[in-house]
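Here's a quick tour of this structure, with an eye on charges, helix packing and a couple of odd backbone spots. Have a look at it first, then read on.

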Amino acid sequence: MPKTVVVVSVPKIARLIDHSLLHPTLTDADIAAGLALARAAGCASACVPPYAVPAAATALAGSPVAVCAVVGFPHGTASNAAKLAEADAALRDGASEVDAVVNVGKVLGGAWPYVEHEVEALNRLVTSRGARLKVIFENDYLADEHIVRLCEICTRLGVAFVKTSTGYGFVKQPNGMYSYKGATVPHLKLMREHCGPDVQIKAAGGVRTLDELLYVMSLGVTRVGATATQAILDEARSRGIGDEEVEVEVKAINGNDGGGY
């Protein structure tokens, strides 16, 4: 069986990562430290809650690291007007990327005109400011048919990215405990298959190691939401990946054909 390889460097890996600073327990000091890490590493963006956008814009000014704000996070249940107001404020405060959660209940109920109207309005606002929209599906709650339909809608509307998960879409299990899978290989393949070539894929939730990142990259993922950014970059350097691009073999991940990581 032929080997799968990807061409990477430490800077290229960093540019795949949206460094996630979204846990509700993070203090201002925690967020400041995370922004400093994202800037030093040269990440694609730092993803922050709306109230932290001004601080992120200040901390990342003059760097190539984008400020990414979340909207309707994490449940997607805010009204259209509230999501638009939240996105508008984030863009005025300095965000250049917006990760917005769909209304999952409307998706599950088949209210597709509502869903399409919401995504269209958000995309129109975001792109009018020269920014990019990522639409978060929260795949743990959805069947394949819902994911396919969302991909078709986002392709038709010219959305920049579709994103698997918030990282907080916990599903109640039969034993009463809550868990989530996040970005799974079957869902990433499904999204890549059903999105147009101009729509990029963001894997979020459960990508915590270098091998996991390289694996999803080999599937066509161009952005990864991660909290383990420093550990991933440290692992890359420890394995001989440096600032120049090299070919790296993609390793099989246990369970990578059926579940999360």
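## A buried charged pair

Let's start with Glu97 and Lys134, whose side chains meet in a salt bridge at 2.6 Å, N to O. The two are 37 residues apart and link distant parts of the chain, with Glu97 in strand β5 (residues 97–101) and Lys134 in strand β6. Keep in mind that this is a predicted model.

Are these two partners buried or exposed? Glu97 has a relative accessible area of 4%, so it counts as buried. Lys134 comes out at 0% relative accessibility, so it is buried as well.

## The other salt bridges

How many salt bridges are there by the N-to-O distance rule? The count comes to 18. One of them joins the side chains of Lys3 and Glu249, at 3.8 Å from N to O. That pair also ties distant parts of the chain together: Lys3 sits in the segment before β1 (5–8), Glu249 is in strand β12 (residues 246–249), and 246 residues separate them. Lys3 has 63% relative accessibility, which makes it exposed, while Glu249, at 39%, is partly exposed.

Then there's Glu235, which forms a salt bridge with Arg239, the closest N and O atoms being 3.1 Å apart. Glu235 is partly exposed with a relative accessible area of 25%, and Arg239 is partly exposed too, at 33%. Elsewhere, salt bridges with shared partners connect Asp18, Glu97, Asp99, Arg132, Lys134, Lys163, Lys202 and Arg223 into one network.

## A buried glutamate without a salt bridge

Now for Glu212, in helix α9 (residues 210–218). Glu212 is buried yet has no salt bridge. Why not? A salt bridge needs a side-chain nitrogen of Lys or Arg within 4 Å of a carboxyl oxygen, and the nearest side chain of opposite charge, Arg208, is 5.7 Å away from Glu212.

What does lie by the side chain of Glu212 is a piece of backbone: the nitrogen of Thr209 is 3.2 Å from one of the polar atoms of that side chain.

## Helices α4 and α6

Two packed helices are described by the angle between their axes and the distance between the axes. Here, the axes of helix α4 (residues 80–93) and helix α6 (residues 112–128) come within 10 Å and cross at roughly 20°. Angles under 35 degrees count as roughly parallel, so α4 and α6 are roughly parallel to each other. The crossing of α4 past α6 is right-handed.

For a residue to look at, try Ala121, which has its place in helix α6. Ala121 is buried, with a relative accessible area of 10%. The C-alpha atoms of Ala121 and Leu84 are separated by 7.7 Å, although these positions lie 37 residues apart along the chain.

## Two backbone oddities

Which two residues does a cis peptide bond join? They are Phe73 and Pro74, with omega at about 0°. Pro74 is in the loop between β4 (66–71) and α4.

The other spot is Glu138, which has a positive phi of about 60° although it is not a glycine. You'll find Glu138 in the loop between β6 (132–136) and α7 (144–157). Is this loop residue buried or exposed? With a relative accessible area of 2%, Glu138 is buried.

Notes:
Residues are numbered from 1 along each chain as its sequence is written. This is a predicted model: local features need pLDDT of at least 70, side-chain atom pairs count only at pLDDT 80 or more; totals for chains, interfaces and linings use all residues. Side-chain values use heavy atoms; hydrogens and water are left out. Helices (H or I, at least four residues) and strands (E, at least two) are DSSP runs, numbered from the N terminus. Buried means under 20% relative accessible area, exposed over 50%, partly exposed in between (1.4 Å probe, protein chains only). Lys and Arg count as positive and Asp and Glu as negative; His and the chain ends are not counted. A polar contact is a pair of N or O atoms within 3.5 Å; within protein, one must be able to donate a hydrogen and the other to accept it, and residues adjacent in sequence count only if both atoms are side-chain atoms. Axes are lines fitted to C-alpha atoms, for helices over the stretch in contact, and angles run from 0 to 180 degrees between N-to-C directions. Angles under 35 degrees count as roughly parallel, over 145 as roughly antiparallel, 65 to 115 as roughly perpendicular and the rest as oblique. A crossing is left-handed if the near helix is turned anticlockwise from the far one by less than a right angle, and right-handed if clockwise.
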